[in-house]
Amino acid sequence: MTSSTTDYAATARRVIGIEAAGLTALAAGLNGSFSDAVEMILRARGRVIVSGMGKSGHIARKIAATFASTGTPAQFVHPAEASHGDLGMVTREDVALVLSNSGETPELADLIAHTRRFSIPLIGVAARPDSTLLRQADVALVLPQAEEACGTGVVPTTSTTMTLALGDALAIALMEHRQFTPENFRTFHPGGKLGARLAKVADLMHDDMPLVREETPMPEALLVISQKGFGVVGVTDAAGKLVGIVTDGDLRRHMDGLLSHRASEVMTRDPRTIAPGALAEAAVALMNERKITCLFAVSEGRPLGILHIHDCLRAGVV
């Protein structure tokens with residue numbers, strides 16, 4: 001390891017330590033204003049309009065995205081664009097969350113004035129309690145005085161980290177209050193690996209199932225196995241409930257005189273099944289544990305679909 005590499009690592013540790021100290025101060029300084037902000041957002045009938053300029057604007061975009069994906073409708077509005085017509089996006093039903101470390105960002109003036117003119121609830125986030133933003137805000141969230149990690153005090157680092165963490169804290173507090181579940185989360189994340197991990201069995205299963213009755217002769221059962229292509233066949237009773245499954249292992253165990261048997265004589269009784277509402281990830285874990293490739297999705301004993309491990313792999317569930 002070179003000395004310059006060691007210096008880089010030392011710089012990284014110093015930066016992270018400074019920002020971690022800022023987060024500790026932020027947590028220690030939280031008071032009733034944080035709860036007031038949460039309650040104000042919960043009362044809003046519209047969206048959370050999140051705004052900020054420069055680095056605060058980038059943080060505002062992320063906070064708005066986090067709100068929107070966790071059950072709190074939100075939209076980022078650029079303050080400069082707001083002054084040129086986008087104020088029309090901000091309605092009396094909304095609540096504004098405005099970010100500015102100094103609290104004196106000039107581009108925010110029109111947006112702040114708009115909220116005051118139309119009595120739109122305003123939550124301000126800044127480091128100076130006496131700033132224009134926090135004096136005008138209905139709820140003031142004050143960032144603690146903390147050292148910027150740049151060492152010069154001019155590059156937003158610790159301040160933006162604290163603002164981002166404060167936005168996350170608001171989002172999670174709102175999410176927990178609304179009892180937002182992984183299933184709700186998936187509604188807003190249908191694509192990508194996250195969406196795949198939250199996919200349900202019902203989203204991936206096939207309803208054209210390989211099924212035969214208990215009294216079905218094995219030649220017919222073999223034909224169904226071949227036609228459906230899952231390598232198995234489910235066996236149902238007279239009431240249509242799944243009572244067994246015939247796999248390739250069952251076929252090998254009954255090879256002697258196989259074609260003279262009925263499905264009920266060859267099947268494995270009480271096969272492992274899964275609920276249609278279960279996560280596909282849980283189905284993969286079960287298939288791996290049992291060393292099987294298919295699961296019937298069953299509700300109240302009746303088969304509703306069949307899931308093959310290849311369906312899960314194609315969907316990105318691993």
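**Exercise 1.** Determine whether Val317 is buried or exposed in this predicted model, and state where in the chain Val317 is found.

*Solution.* Begin with the accessibility, for which the relative accessible area of Val317 is 0%. Buried is the word for values under 20%, so Val317 is buried. Turning next to its place in the chain, Val317 is found in the segment after H15. As a last step, consider a partner in space: the C-alpha atoms of Val317 and Ala283 are separated by 9.7 Å, while these two residues are 34 residues apart along the chain.

**Exercise 2.** Helix H15 spans residues 309-314; work out how Arg314 and Asp311 are related within this helix and which of them is buried.

*Solution.* First, the side chains of Arg314 and Asp311 meet in a salt bridge, with an N to O distance of 2.6 Å, which satisfies the criterion of within 4 Å. Second, both residues belong to helix H15, and because they are three residues apart, about one helical turn separates them. Third, the accessibilities must be read one by one: Arg314 has a relative accessible area of 65% and is exposed, whereas Asp311, at 8%, counts as buried.

**Exercise 3.** Carry out the analysis for Arg253 and Asp250, stating what separates them in helix H12 and how each one is classed by accessibility.

*Solution.* Start from the contact itself, a salt bridge in which the closest N and O atoms of Arg253 and Asp250 are 2.6 Å apart. Helix H12 covers residues 248-253, and within this helix the two residues lie three residues apart, so that about one helical turn lies between them. Finally, Arg253 counts as exposed at 58% relative accessibility, while Asp250 is buried with a relative accessible area of 2%.

**Exercise 4.** Find how many salt bridges a search of the whole structure gives, and explain which parts of the chain the pair Lys62 and Asp168 ties together.

*Solution.* The search of the whole structure finds 10 salt bridges, and one of them joins the side chains of Lys62 and Asp168 at 2.6 Å, taken from N to O. To see what this pair connects, locate each residue: Lys62 lies in helix H3 (residues 55-69) and Asp168 in helix H7 (residues 158-177), so the salt bridge ties together parts that are 106 residues apart in sequence. The remaining step concerns accessibility, where Lys62 is partly exposed with a relative accessible area of 34%, and Asp168, at 26% relative accessibility, also counts as partly exposed. As general background, side chains of opposite charge can pair when their charged atoms come close.

Notes. Residues numbered from 1 in each chain as written. Predicted model: local features only at pLDDT ≥ 70, side-chain atom pairs only at ≥ 80, totals over all residues. Heavy atoms only, no water. Helix = DSSP H or I, 4+ residues; strand = E, 2+ residues; numbered from the N terminus. Buried < 20%, exposed > 50% of the residue type's maximum accessible area, 1.4 Å probe, protein only.
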